[in-house]
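Hi there,

As promised, here is the structure we talked about. Have a look at it first, and then read on for what turned up.

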Protein chains: 2
Amino acid sequence: MAERGRPRKFDREEALARAMELFWRKGFAGASLSELTAAMGINPPSLYAAFGSKEALFHEAVSLYGRTESPEIWLAIEQAPTAREAFDGFLRATAFSFTQPDKPHGCLIVLGALHADDAGSEAVCAALRKMRADNVTDLAARLRRAVDEGELPAGTDCDGVAAFYVTVQQGMSIQARDGASRETLLAVADGAMAAWYGLTGGRPAARLC
Amino acid sequence: MAERGRPRKFDREEALARAMELFWRKGFAGASLSELTAAMGINPPSLYAAFGSKEALFHEAVSLYGRTESPEIWLAIEQAPTAREAFDGFLRATAFSFTQPDKPHGCLIVLGALHADDAGSEAVCAALRKMRADNVTDLAARLRRAVDEGELPAGTDCDGVAAFYVTVQQGMSIQARDGASRETLLAVADGAMAAWYGLTGGRPAARLC
DNA sequence: CTCCTTTTTTATCGATCAATACATAAATCG
DNA sequence: CGATTTATGTATTGATCGATAAAAAAGGAG
């Protein structure tokens, strides 16, 4: 079971983290092999031996992103007692995650590969698109749970509400990439939550009466 | 004043329109010279003689986009009698514009150049970023006008509200590019408008009382 | 030690990128 | 007409793209 051959000189996870950071900052097509190898501190043959291809490296980088950056965003969706607190926490965590110092602003899954440049990046683009679609599904599932639990009316348009909040979050990626401050994104989150009772038809805002 | 030399064989505006369509669909970096010349029906020397460079062609394409696609979106902002109708019309027109058949879905100004790949595209990226920032400014100006006219309270956070609605619109570009239907985008627009009274502190939704 | 396996470094591969040289063609000007 | 000007088509330019060939280096296995 002991490893045969010359031992790898670099830390694979560390190199992957550097690749993820570069993909996050420049996108799949925008991060060139020479930039990747420079950031990872290795030569091209080492990259291909360890990860297979630029596309495979990107998929691993996205997976790492999902394991390191996403959980804090989705924590509230899973753990908050009410759907309203879940969505509010979701958007507030997004505002924090998208404006971390010393990290690229915005979301890798939204900004990483919007255009299917050539045949090679079509698969990459489709993978991110599916992850974005899954986000809508997950939010809708949380809303349906709220309907089942009686927090929201039976007629709630869970898919439509989920689409709205995902759209806001995706817009926050653009805003964050454009330099919007954490405070601005939190204000956007508050704005989206201002639509909650009107959207869900749940308990109205009593102070308005 | 008569034109000297051999007359141009192609229609410059028509070729520009084809270039705009390709940039819109694939982004600045994603649209290669060979694809551009193929779409425009001309050879590289003709492109450079008529437009100067790929970057200059992109700027002209963005200008054409602003003249042909943007007006219908911004019409309501300028002409609607109330700010609420202005923003509602703005988002509904966006939903229509972003899902036109036989045209790329989403907005060229949002999707055209998110990453500053190299030194050449940094200027392109910055130009689009400025246009996106100007959008926030324009929406905020419409809100301030509503404050002046008494439609909205004096304490309204015009910049924050403008940031929210621009964020929603930018998220709609991602959604449209991902294949969201016109109906879905209209539902997102309705969702954003559901936040209006809560955000602006204006006249509350009477039906909730 | 000698084999064997794997990683390393160096140098490069063919393809494609944005951008041009060059010669020819098609118009106006004198 | 010849001279000038501009556009066109063909063929390339140097640079960079993602991906490798080849040989030296560094470990364990026998």
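By class, the residues of the surface near DNA strand D are nine nonpolar, six polar and eight charged. Please keep in mind that this is a predicted model. In total, 23 residues surround DNA strand D, and the closest of them are Leu33(A), Tyr48(A), Lys54(A), Lys9(B) and Asn43(B). Of the strand D atoms that come within 4 Å of the protein, 72% belong to sugar and phosphate.

Some of the individual contacts to strand D are worth finding on your screen. The side chain of Tyr48(A) places an N or O atom 2.5 Å from a phosphate oxygen of DNA strand D. For Lys54(A), a polar side-chain atom sits 2.6 Å from a phosphate oxygen of this strand, and for Ser34(A) the corresponding distance is 3.4 Å, again from a polar side-chain atom to a phosphate oxygen of DNA strand D. The elements that give two or more residues to this surface are helix H2 (33-40) and H3 of chain A, together with H3 of chain B. H3(A) gives the most, with three residues.

Now to the other strand. Around DNA strand C there are 23 residues, of which Gly5(A), Asn43(A), Leu33(B), Tyr48(B) and Lys54(B) come nearest. Sugar and phosphate make up 73% of the strand C atoms that lie within 4 Å of the protein. Two contacts to phosphate involve neighbours in chain B: a polar backbone atom of Leu33(B) is 2.5 Å from a phosphate oxygen of DNA strand C, and an N or O atom in the side chain of Ser34(B) is 3.4 Å from a phosphate oxygen of the strand. A base is approached as well, with a polar side-chain atom of Arg6(B) lying 3.2 Å from a base nitrogen of DNA strand C.

Which helices supply at least two residues each of the surface near strand C? They are helix H3 (44-51) of chain A, plus helix H2 (33-40) and helix H3 (44-51) of chain B. H3(B) provides the largest share, three residues. The surface near strand C divides into nine nonpolar, six polar and eight charged residues.

The two protein chains also meet each other. Their contact takes 36 residues from chain B and 35 residues from chain A. About 3100 Å² is buried between them, with carbon and sulfur atoms giving 65% of that area. There are two salt bridges between chain B and chain A; in one of them, the side chains of Asp178(A) and Arg132(B) meet at 2.7 Å, N to O. Another count between the chains is 10 residue pairs in polar contact, both residues being at pLDDT 80 or more.

On the side of chain B that touches chain A, the elements giving two or more residues include helix H1 (12-26), helix H8 (119-148) and helix H10 (182-193). The largest share there, 11 residues, comes from H9(B). That side of chain B divides into 19 nonpolar, 10 polar and seven charged residues.

How are the two chains related? Chain B superposes on chain A by a rotation of 180° with 0.0 Å of shift along its axis, at an RMSD of 0.1 Å. The two copies are therefore related as by a two-fold rotation axis. Of the interface residues of chain B, 97% are also interface residues in chain A, so the copies meet through the same surface.

Happy browsing, and best wishes!

Technical notes. Residues are numbered from 1 along each chain as its sequence is written. Chains are lettered from A and ligands numbered from 1 in the order in which they are written. This is a predicted model: local features need pLDDT of at least 70, side-chain atom pairs count only at pLDDT 80 or more; totals for chains, interfaces and linings use all residues. Side-chain values use heavy atoms; hydrogens and water are left out. A residue is near a molecule or strand if one of its heavy atoms lies within 4 Å of it. A polar contact is a pair of N or O atoms within 3.5 Å; within protein, one must be able to donate a hydrogen and the other to accept it, and residues adjacent in sequence count only if both atoms are side-chain atoms. Helices (H or I, at least four residues) and strands (E, at least two) are DSSP runs, numbered from the N terminus. Ala, Val, Leu, Ile, Met, Phe, Trp, Tyr, Cys and Pro count as nonpolar, Asp, Glu, Lys and Arg as charged, and the others, Gly among them, as polar. Contact means heavy atoms within 4.5 Å. Buried area is the accessible area (1.4 Å probe) that two parts lose on being put together, summed over both. A salt bridge is a side-chain nitrogen of Lys or Arg within 4 Å of a carboxyl oxygen of Asp or Glu. Copies are superposed by least squares on the C-alpha atoms of residues with pLDDT of at least 70 in both.
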